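Reader: Could you take me slowly through one part of this model, and explain your terms as you go? I'm at the bench, so plain talk is welcome.

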Amino acid sequence: MNERATMKINSQGKLEIGGIPASDLARRYGTPLYVMDETYIRQVVRAYRDTIARTYGDGNMAYASKAFSCKAIYRIMQEEGACIDVVSGGEIYTAKAAGFDLSLAYFHGNNKLEEEIEFALESGVGTFVVDSYDEIEILERLCAARGTRQKILIRVNPGVEAHTHTFVQTATVDSKFGFSVRSGEALDAILGAASKSHLDFAGLHSHIGSQIFDKQAFVLAVDVLTDFAATLEHTHGIAVRELNLGGGFAIHYTAEDPRYNVEEYCEYVRNLTRALESDVARKGITRPYFMIEPGRSIVGEAGVTLYTVGARKEIRDVRTYLAVDGGMFENIRPALYDSRYEVVLADRAFDPIEETVSVAGKCCESGDVLYKDVALPKARRGDVLAAFSTGAYGYAMSSNYNRNITPAVVFVRDKESYVAVRRQTYDDLIRNDQ
Ligand code: PLP
């Protein structure tokens with residue numbers, strides 16, 4: 001657990017989030033429960049925005065809402081002056097319903113459906129991040145029919161691949177996202193897009209991966225992208241007025257990861273703006289508007305999932321399973337990526353550690369083991385178990401597998417809590433059944 005002012009173990013060994021004991025939240029709202037620390041979310045967004053303003057000036061951040069999307073988070077981003085990244089008609093719809101100013105939205109997707117493109121245009125989405133030749137044609141046709149001109153970025157692949165602690169530079173890149181810079185596809189796409197009268201080519205977008213610890217990977221991407229911008233500007237007379245460097249900044253999940261605080265995220269940004277500033281001067285290119293697009297680092301550590309402990313199964317000399325009322329339907333990441341997390345008994349954090357157990361979900365699936373090999377005091381039926389850093393790609397990837405209902409999402413702030421997303425009911429499960 002990465003303690004901070006708004007999330008700590010109090011003197012009685014009880015976990016508190018936003019000044020409220022986690023077990024009180026569990027009692028009041030039921031479990032499983034997603035708890036989001038709103039103060040922390042706002043702190044990280046402010047840190048990103050302030051650092052960009054102080055170190056570069058002209059720029060902003062877009063919250064990658066795929067990490068966690070609901071009306072409450074879009075309202076927070078609006079209040080904080082941040083942009084958002086959306087990847088589907090559904091995310092656009094949710095942001096719109098929250099009253100978010102969609103001129104500040106970046107619309108992503110490798111296969112935006114024609115009806116999603118129509119909906120985005122109708123809703124006034126500010127920027128399309130174009131990711132295929134088809135999209136260039138469809139967008140041009142739809143904008144021509146509407147008599148409008150749409151700002152676009154082209155998503156490019158700089159050939160820098162980052163995998164958590166390391167990165168590699170690959171000459172040929174096998175990815176469904178982006179146009180490769182090295183293969184010449186990116187240049188082709190941009191020349192095509194720039195010739196369209198209803199598209200306003202504003203610049204480049206790149207996203208090199210997720211949960212990246214190695215800051216050098218981003219610096220290398222800036223180098224490749226500014227080289228490419230120089231070719232575009234000096235050889236083809238096309239200026240890159242905006243450069244969006246994507247997201248991917250890492251967070252703390254387990255003891256093996258660094259314990260980042262908000263200052264560390266400022267360091268990621270400073271690295272990028274420093275590299276960009278120096279490349280712009282050295283390569284003699286137009287100074288672009290600076291964008292980043294973090295998701296996980298904003299909501300990941302803000303989220304804690306609370307469970308109630310149920311059945312215990314001790315398999316002698318093999319393993320002890322401790323089952324909880326959640327499972328892969330509310331956190332698919334362990335089953336999907338073998339992701340690891342830290343857990344604690346919410347009211348017994350100071351009790352001596354007595355055993356190593358694997359926390360199992362309740363789904364009818366052997367692979368539904370949420371938190372493998374975690375050290376805990378001897379947990380009793382009814383104890384509240386808290387898992388940390390679950391705010392990103394948890395609720396966002398939830399499902400109704402086994403017809404389990406999606407837990408509620410509660411936001412906490414200054415000792416107050418409110419339901420941002422209510423718990424589903426069984427009626428929700430059959431709402432669309434005919
Ligand atoms: N931007 C794009 C295009 C992405 O695909 C992603 C994540 O996959 C993000 C931003 C956010 O990344 P992260 O949540 O790791 O910050």
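Author: Two strands count as paired if DSSP finds at least two bridges between them. Strands here are DSSP runs (E, at least two residues) and helices are H or I runs of at least four, all numbered from the N terminus. Bear in mind that this is a predicted model, so local features need pLDDT of at least 70 and side-chain atom pairs 80 or more, while totals for chains, interfaces and linings use all residues. Residues are numbered from 1 along each chain as its sequence is written, and side-chain values use heavy atoms, leaving out hydrogens and water.

Let's begin with the open sheet made by three strands, in the order β1-β2-β3, with antiparallel pairing. Its edges are β1 (7-9) and β3 (20-21), each of which pairs on one side only. Strand β2 covers residues 15-17, and two bridges tie β2 to β3, running antiparallel. One of the partnerships to look for is Ile 17, whose bridge partner in β3 is Ile 20.

Keep going along the chain and you'll hit an odd peptide bond: the one from Thr 31 to Pro 32 is cis, with omega near -10°. Pro 32 sits in the loop between α1 (22-29) and β4 (33-37). Another backbone quirk turns up at Asp 317, which has a positive phi of about 65° although it isn't a glycine. You'll find Asp 317 in the loop linking β16 (303-315) and β17 (319-324).

Now for the ligand. It has 15 residues around it (a heavy atom within 4 Å counts), and the closest are Ser 210, Gly 248, Glu 293, Arg 296 and Tyr 393. Sort that shell by type and you get three nonpolar, seven polar and five charged residues. In that tally, Asp, Glu, Lys and Arg count as charged; Ala, Val, Leu, Ile, Met, Phe, Trp, Tyr, Cys and Pro as nonpolar; and the others, Gly among them, as polar.

Some polar contacts (N or O pairs within 3.5 Å) are worth pulling up on screen. A polar side-chain atom of Glu 293 lies 2.7 Å from a ligand nitrogen, and one of Lys 66 lies 3.3 Å from a ligand oxygen. For Gly 295 it's a polar backbone atom, at 2.9 Å from an oxygen of the ligand. On its own the ligand would expose 390 Å², and the protein buries 90% of that (Shrake-Rupley areas, 1.4 Å probe).

Terms used: A polar contact is a pair of N or O atoms within 3.5 Å; within protein, one must be able to donate a hydrogen and the other to accept it, and residues adjacent in sequence count only if both atoms are side-chain atoms.
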